[in-house]
Amino acid sequence: MAELSASQDNEIGDGTTGVVVLAGAILEQAQKLLDRGIHPLKIADGFERACDIAVGRIEEIQEELDIFKNEHAKLRSCARTALGSKVVSKCQEHYADLALKAVLHVADLERRDVNFDLIKIVAKAGGSLEDSSFIEGIVLDKEFSHPQMNKINRDSKVCILTCPFEPPKPKTKHGLEIKSAADYQRLQEMEQNYFTDMVARVKNSGADVVLCQWGFDDEANHLLMQNQIPAVRWVGGVEVELLAIATGARIIPRFEEITPEKLGTAGSIEEVAYGTSGDKIILIKDCANSKAVTIMIRGGSKTICDEAKRCLHDAICVVRNMVKNRNVVGGGGATELACSIAVAKEADKIRGVEQYAVRAFAEALEEIPLTLAENSGFNPIDYVSKLREEQVTSDNPFIGVDANHQGTTNMSEQGIFESVMSKKQQLELAT
């Protein structure tokens, strides 16, 4: 079950609960069939056959969205549906907008492709969920290494280093004997020469901002400040790669290798105080060749931030799936009900023992609308049988559970949609 949920998460990014509920219901039905003495292979064949019928039905009832024709409202509905059952549901509108903005910003609509590496989600405790915001550019949760460095740098040449601003450390255990004051001064001069050489190399290459993966010695920090080269230290490995892609810089592993060709460019690099808590972050915008965006998540505590991050990831995945495959079906259990009706109809035409398994599959599909109805405070069996009747008589596969008590069971009117990719994957994985 855990692997099932994980593979749904990896493939689609949303619908993990649905898969588990469905698989549980199918297993429950299988138990009943085994008790009747039906052979496991026959049951498996029946389930496979029923799953094909259900997937076929989904393809019949899907509706295509034309993303280019500004159908963003429908896309937003899909993201909102994904967030409805999550912790952040109180500001689901806001989060659906964040997800939509981020994906449309980095999506290649011609190729129907979304590069997830360009969307970075940063969670920072403090503030409320509503303070979460969308930032065009890359955010580093750091500040410049010296308080007197320039806070705003325009049209910067960026140097990305993965070597520390420190004198080299001997690898084996050495003893160093200092016998006189002159020895001590020679040692100090040597150290200082290291630092002046390092900073000179950076300055001569024409770099005016340094991003370093490691730390600085205080002496080096002071020299960088005097030479007016703002620097950021302890930049994480993931960020280093993202910045290299965005600014077009090469990652430089040794000071000897710094050359002007290896520098990247960024329109602006500035340190800003963010939110009410006054935390400092560094914003890197207008990079040479990138559409990278960042979503900054705020929340009362680390737990809430982490949860919000997962919810947002789900919503982003849903929008990404819509870019790849633009078809939608109704949410709220409507699709499962439509598939259940179709499978039950087909079951009557099947000869042999398999029809029992196919019929059982149809019953298992009803588990999702039943659960939704129960969670919404309805009498589940009574309510779902009414829905089933309504779907059959009106031939409308968008009739589902009115979980928000809006007085209509038509999911299309309520704006509750799910992506076809997600639904198909749920059925196939569960089976």
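**Exercise 1. Place D314 in the predicted model and describe its surroundings.**

Solution. D314 is found in helix α9, which covers residues 302-324. The structure is a predicted model. The next step is burial: the relative accessibility of D314 is 10%. Buried means under 20% relative accessible area, so D314 counts as buried at 10%. The last step is to list the neighbours. Leaving aside residues up to four places away in sequence, D314 touches D9, G13, D14 and K86.

**Exercise 2. Compute how far helix α10 reaches and state how many of its residues are buried.**

Solution. Helix α10 runs over residues 334-347 and has 14 residues. From its first C-alpha to its last, α10 reaches 20 Å, which is close to the 20 Å expected at 1.5 Å a residue. For burial, count the residues under 20% relative accessible area: 11 of the 14 residues of α10 are buried, and the helix is mostly covered. The buried residues are A334, T335, E336, L337, A338, C339, S340, I341, A342, V343 and A347.

**Exercise 3. Examine the salt bridge between E336 and K423, and state where its partners lie.**

Solution. Begin with the distance. The closest N and O atoms of E336 and K423 are 3.2 Å apart, and the cut-off for a salt bridge is 4 Å. Next, locate the partners: E336 belongs to helix α10 and K423 to helix α15. The pair links distant parts of the chain, 87 residues apart. Finally, check accessibility. E336 has 5% relative accessibility and counts as buried; K423 also has 5% and counts as buried.

**Exercise 4. Describe the salt bridges R359 to D348 and E177 to K179, with the accessibility of each partner.**

Solution. The structure holds 23 salt bridges. In one of them, the side chains of R359 and D348 meet at 3.0 Å, N to O. R359 lies in helix α11 (residues 354-365) and D348 in the loop between α10 and α11, so this salt bridge ties together parts that are 11 residues apart in sequence. R359 is partly exposed, with a relative accessible area of 31%, whereas D348 is exposed at 52%.

For the second pair, the N to O distance between the side chains of E177 and K179 is 3.7 Å. E177 counts as exposed at 61% relative accessibility, and K179 counts as exposed at 72%.

One further item concerns shared partners: salt bridges join R254, E257 and K262 into one network.

**Exercise 5. Find the cavities of 30 Å³ or more and characterise the lining of the largest cavity.**

Solution. A search of the whole structure gives 1 cavity of 30 Å³ or more. The volume of the largest cavity is about 40 Å³. Its lining consists of L22, I58, T335, E336, C339, K423, Q426 and L427. The elements that give two or more residues to this lining are α10 and α15. By class, the lining has 4 nonpolar, 2 polar and 2 charged residues. E336 and K423 appear in the lining of the largest cavity, and these two residues form the salt bridge treated in Exercise 3.

**Exercise 6. Characterise the largest pocket by volume, lining residues and contributing elements.**

Solution. The volume of the largest pocket is about 960 Å³. Its lining holds 38 residues, and the closest to the pocket centre are T81, S85, G332, L372 and E418. Two or more lining residues come from each of α2 (16-35), α4 (72-83), α12 (367-375), β15 (417-419) and α15 (420-430). The largest share, 5 residues, comes from α4. Sorting the lining by class gives 11 nonpolar, 21 polar and 6 charged residues.

**Exercise 7. Describe the backbone phi, place and accessibility of Q228 and W234.**

Solution. Most residues other than glycine have a negative phi. Q228 is not a glycine, yet its phi is positive, about 55 degrees. Q228 sits in the loop between α7 (218-226) and β9 (231-232). At 62% relative accessibility, Q228 counts as exposed.

W234, also not a glycine, has a positive phi of about 55 degrees. The place of W234 is in the loop between β9 and α8 (237-247). Exposed requires over 50% relative accessible area; W234 has 48% and is therefore partly exposed.

Notes:
Residues are numbered from 1 along each chain as its sequence is written. This is a predicted model: local features need pLDDT of at least 70, side-chain atom pairs count only at pLDDT 80 or more; totals for chains, interfaces and linings use all residues. Side-chain values use heavy atoms; hydrogens and water are left out. On a 1 Å grid over the protein atoms alone, a cavity is a set of points where a 1.4 Å probe fits but cannot get out, and a pocket is an open set with protein on both sides within 12 Å along at least five of seven lines; lining residues have an atom within 4 Å of a point. Grid points are joined across faces, edges and corners, and a volume is the space filled by probe spheres set on the points. Helices (H or I, at least four residues) and strands (E, at least two) are DSSP runs, numbered from the N terminus. Ala, Val, Leu, Ile, Met, Phe, Trp, Tyr, Cys and Pro count as nonpolar, Asp, Glu, Lys and Arg as charged, and the others, Gly among them, as polar. Buried means under 20% relative accessible area, exposed over 50%, partly exposed in between (1.4 Å probe, protein chains only). The expected span of a helix is 1.5 Å times one less than its number of residues. Contact means heavy atoms within 4.5 Å.
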